[in-house]
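User: I am new to this structure and would like to be guided through it by question and answer. Please show it first.

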Amino acid sequence: MLPIQHEPHWVYKTAQITRIGWFIIHLLMIILFLSSRPFFWLLMPLFFSSFLIPQWTGTKVNSFGVRNYALLELIFSGLFLIVGCYYTKEYSSFLAYPALCAGIYSREGKERWFLWAGFSIAPFFAVLAIGLDQLGMGVIDGFFFFGIGIAIAKVLEAEKKTKMLLEENRRQNQLLEKYAKQIEKITLLEERNRLAKDLHDTIGHTFTSVIMGLDAASFLQKKSPDKAQEQIDLLRNVMRKSLDEVRSQIHQISPNEEKEDISTQLKKVVNDFALHTQLEINFEHLGSQDLSISTQGTITLIRCLQESLTNAVRHGHANKITAALSGDDSNVILTIKDNGIGISNINFGFGLNGMRDRLESLQGGINIESKVNEGTTVSCFLPVKVRV
């Protein structure tokens, strides 16, 4: 029979199992009500053919019977309906479920329109065999149930396409993450090489010059103290110049933006994220206090804000986010609120655990409140000194 074990969806399996039940019910009805009729032995082979041929003509997915299952159902089930109605002079709903199964298994394109016409014509001919007084119900059977089957097939096709798109998106995300890691490695290597060259060209050269100068000054100290002092003064200027160059290198590693206050830096993160995602994201600095916070505390709150914004979009599917910075006599508080789908149970994964560890290492903490369909609120706090 049709390869149920290879079916990709439970709907197909359920349809075929129910088809077997449909066959058994009609078999019992024929035996009970028509066994005494003279045409019984003519209907029985035709009845078995209407079930077995569409079901058993192929056992492989690409076999002729499986690929043309809907057409075989129309031919043999429709033939049995017409002949049965002719001999019994009564109309039967036998074609309803075969038409439904055929619609579910039908393929996209013109084939469906031809089959739809066929499943409408078959009961029409059956009605002609017994008279036109039952025309309405007869034609509706094939047309209506095949239409339901097509509707189910389209839902399954849409679900399949959605899964394919999700899988493609997942694959693209993995490629992007891998690409980002490669770029990060390349950037780090380039930065290391640049620093190595700069240090070699500046500090190494300066130290070599100073060592040689000190050796000369030491030699001149006894014979010509004045020249030795000039040499030492010259070396002092060289070292001061070298110190300025080292400071310049350090400033390149630690950007000047860190000198900005915490509110300005957080606002930049929010503005950049809003620009990249095209979402409505607002930042508010509540109160007029000048918040004093360490460099490490500033970096920690920036990381918490970045993680919260990412979670709100990626997991919460939010389109509106508000971030607020406030402070009191003991704490600075960063609150991120979104209008996403929310969650009933909060599980601390890698990102949230990282936020909590960063905050707790500075004697701070995190609090998360979320309700389904009501969004999520993340509150991060750190101990600070407030200058009014």
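User: Is serine 370 buried or exposed?

Analyst: The model is a predicted one. Serine 370 has a relative accessibility of 17%, and the cut-off for a buried residue is under 20%. Serine 370 therefore counts as buried.

User: With which side chain does the side chain of serine 370 make a polar contact?

Analyst: Serine 370 touches Gly342, Ile343, Ile346, Gly375 and Thr376, leaving aside residues up to four places away in sequence. Its side chain reaches the backbone oxygen of glycine 375 at 3.4 Å. The side-chain partner, at 2.8 Å, is threonine 376.

User: Which strands stand at the edges of the open sheet of five strands?

Analyst: Serine 370 is found in strand E5, residues 365-371. The sheet follows the order E1-E3-E4-E6-E5, with mixed pairing. Each edge strand has a single partner strand, so one side of each lacks a neighbour in the sheet; these strands are E1 (280-285) and E5.

User: What is the bridge partner of isoleucine 333 in E6?

Analyst: Strand E4 (residues 331-338) pairs with strand E6 (residues 375-383) in the antiparallel sense, over seven bridges. Within this pairing, isoleucine 333 is matched in E6 by phenylalanine 381.

User: What angle does the direction of helix H10 make with that of E4?

Analyst: Helix H10 (residues 295-314) packs on the sheet. The helix touches E1, strand E3 (320-327), E4 and E6. Its direction and that of E4 make an angle of about 15°.

User: What share of the residues of the protein chain count as buried?

Analyst: The protein chain contains 11 helices and seven strands. Of its 388 residues, the share that count as buried is 36%.

Note on methods
Residues are numbered from 1 along each chain as its sequence is written. This is a predicted model: local features need pLDDT of at least 70, side-chain atom pairs count only at pLDDT 80 or more; totals for chains, interfaces and linings use all residues. Side-chain values use heavy atoms; hydrogens and water are left out. Helices (H or I, at least four residues) and strands (E, at least two) are DSSP runs, numbered from the N terminus. Buried means under 20% relative accessible area, exposed over 50%, partly exposed in between (1.4 Å probe, protein chains only). A polar contact is a pair of N or O atoms within 3.5 Å; within protein, one must be able to donate a hydrogen and the other to accept it, and residues adjacent in sequence count only if both atoms are side-chain atoms. Contact means heavy atoms within 4.5 Å. Two strands pair if DSSP finds at least two bridges between them. Axes are lines fitted to C-alpha atoms, for helices over the stretch in contact, and angles run from 0 to 180 degrees between N-to-C directions.
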